[in-house]
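Grab a pencil and have the viewer open beside you. Below are some exercises, each with a solution worked out step by step.

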Amino acid sequence: MSRNLILGTLLTALFVGAALLSFVWTPYPTDTVAITERLQPPSAAHWLGTDHFGRDMLSLVMVGARTSIAVALVAVGIGLGLGVPLGLAAAARAGGWLDEAIMRMNDLIFAFPSLVIAILITAIFGPGATNAIIAIGIFNIPVFARLSRGAALSLWRREFILAARTAGKSAPRISAEHILPNIANLLIVQGTIQFSLGILAEAGLSYVGLGAQPPIPSWGRMLADAQTMVALAPHVAIIPGLAIVLTVLGLNLLGDGLRDRLDPRLGMVRA
């Protein structure tokens, strides 16, 4: 097992574990305001200090991990659930009108970054975690569609696919039974990468006020609240920023390790 895979798994497990633990326990309630304890540095009572409302930073980071992971996970699920079938359908009809329509729709979505899509959705439905999920999920659809289409195209010319077609299997059945299992490793690796990008996107949307709304803790919102207090209490900005960096780093290392694990030839080249 590679060092990237081990380190990535440990960092990812740390924040996923903190998010799961926050459902049943946090050191302090995240909705309790204690003005007399505001902006305290890390101590025995508050391991990561307190914010400008006197709330425990460790508790906020734990619940914020839950928010970021939930938004990114659902958004990636939307990308997989819609993008992969579209990509497989485009590959099965390569060069036809369906392929052309799906690819041009992908180009249209790529022309609008997730932040722009989020602003548009927010203008219509208002800010919130649900709208952040929709915006990030929409941006993930063409990513998985392009990946699955490109990988499937190289398989449609293989002998075992020709044999399946000769046996009378339909294109959707071939895609489900033969194509999808052979590109699953690529989708898993890309899924970890998009998961990390989803966490970054959620933090960015929350930072500008388009993501999770108070009183729901969010790493991006914590950074936005701390930007005017960096000189007075640096820990209120460093801690959520470090949480984002370590989580994204862990997921990227995990994806890199899975790529080496699932593609032994790549691992031999790197060695």
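**Exercise 1: The largest pocket**

The lining of the largest pocket is made up of twelve nonpolar residues, with no polar and no charged ones. Keep in mind that you're looking at a predicted model.

Task: Find out which residues line the largest pocket and which helices supply at least two of them each.

Solution:
- Step 1. Start with the size: the volume of the largest pocket is about 250 Å³.
- Step 2. Now pick out the lining: Leu-14, Phe-15, Ala-18, Leu-48, Leu-58, Val-61, Met-62, Ala-65, Ile-239, Leu-242, Ala-243 and Leu-246.
- Step 3. Look up the helices. H1, H2 and H9 each give at least two residues to this lining.
- Step 4. Here's a handy bit of background: an α-helix has 3.6 residues a turn, so residues three or four places apart point the same way. Try that on the numbers in Step 2.

**Exercise 2: The overall layout**

Task: Work out how many helices and how many strands the protein chain has, and what box its C-alpha atoms fill.

Solution:
- Step 1. Count the secondary structure: there are ten helices and zero strands.
- Step 2. Read the order from the N terminus, and you get α-α-α-α-α-α-α-α-α-α.
- Step 3. Go along the principal axes, and the C-alpha atoms fill a box of roughly 75 × 50 × 30 Å.

**Exercise 3: A walk along H2**

Task: Say how far H2 reaches from its first C-alpha to its last, what caps its N-terminal end, and where its kink lies.

Solution:
- Step 1. H2 covers residues 57–92, which is 36 residues.
- Step 2. Compare the spans: H2 reaches 51 Å, close to the 52 Å expected at 1.5 Å a residue.
- Step 3. Check the N-terminal end. Asp-56 is the cap there, with a side-chain oxygen 3.4 Å from the backbone nitrogen of Leu-58.
- Step 4. Move along to Gly-83, where H2 has a kink of about 25°, shortly before the proline Pro-85.

**Exercise 4: Two cavities**

Rolling a probe the size of a water molecule over the atoms shows where empty space is left.

Task: The structure holds two cavities of 30 Å³ or more. Describe the lining of the largest cavity by class, then do the same for the second largest cavity.

Solution:
- Step 1. The largest cavity has a volume of about 70 Å³. Its lining includes Asp-51, His-52, Arg-55 and Asp-225.
- Step 2. H2 and helix H8 (219–226) are the elements giving two or more residues to the lining of the largest cavity. H8 gives the most, with three residues.
- Step 3. Sort the lining of the largest cavity by class: six nonpolar, one polar and three charged residues.
- Step 4. On to the second largest cavity, whose volume is about 30 Å³. Among the residues lining this cavity are Thr-12, Phe-15, Ile-69 and Thr-247.
- Step 5. Helix H1 (3–21), helix H7 (171–207) and helix H9 (235–262) each give two or more residues to the lining of the second largest cavity. H1 has the largest share, four residues.
- Step 6. Sort again: the second largest cavity has seven nonpolar, two polar and no charged residues in its lining.

**Exercise 5: A salt bridge across the chain**

Side chains of opposite charge can pair when their charged atoms come close.

Task: Decide which helices the salt bridge between Arg-149 and Asp-99 links.

Solution:
- Step 1. A search of the whole structure turns up eight salt bridges.
- Step 2. In one of them, the side chains of Arg-149 and Asp-99 meet at 2.7 Å, N to O.
- Step 3. Place both partners: Arg-149 sits in helix H5 (residues 129–155) and Asp-99 in helix H3 (residues 97–110). They are 50 residues apart, so the pair links distant parts of the chain.

**Exercise 6: Backbone oddities**

Task: Find the loops that hold Pro-215 and Leu-39.

Solution:
- Step 1. Pro-215 is in the loop between H7 and H8. A cis peptide bond joins Pro-214 and Pro-215, with omega about 10°.
- Step 2. Leu-39 is in the loop between H1 and H2. Its phi is near 55°, a positive value in a residue other than glycine.

Terms used
Residues are numbered from 1 along each chain as its sequence is written. This is a predicted model: local features need pLDDT of at least 70, side-chain atom pairs count only at pLDDT 80 or more; totals for chains, interfaces and linings use all residues. Side-chain values use heavy atoms; hydrogens and water are left out. The expected span of a helix is 1.5 Å times one less than its number of residues. The bend at a residue is the angle between axes fitted to the seven residues ending there and the seven starting there. A polar contact is a pair of N or O atoms within 3.5 Å; within protein, one must be able to donate a hydrogen and the other to accept it, and residues adjacent in sequence count only if both atoms are side-chain atoms. On a 1 Å grid over the protein atoms alone, a cavity is a set of points where a 1.4 Å probe fits but cannot get out, and a pocket is an open set with protein on both sides within 12 Å along at least five of seven lines; lining residues have an atom within 4 Å of a point. Grid points are joined across faces, edges and corners, and a volume is the space filled by probe spheres set on the points. Ala, Val, Leu, Ile, Met, Phe, Trp, Tyr, Cys and Pro count as nonpolar, Asp, Glu, Lys and Arg as charged, and the others, Gly among them, as polar. A salt bridge is a side-chain nitrogen of Lys or Arg within 4 Å of a carboxyl oxygen of Asp or Glu.
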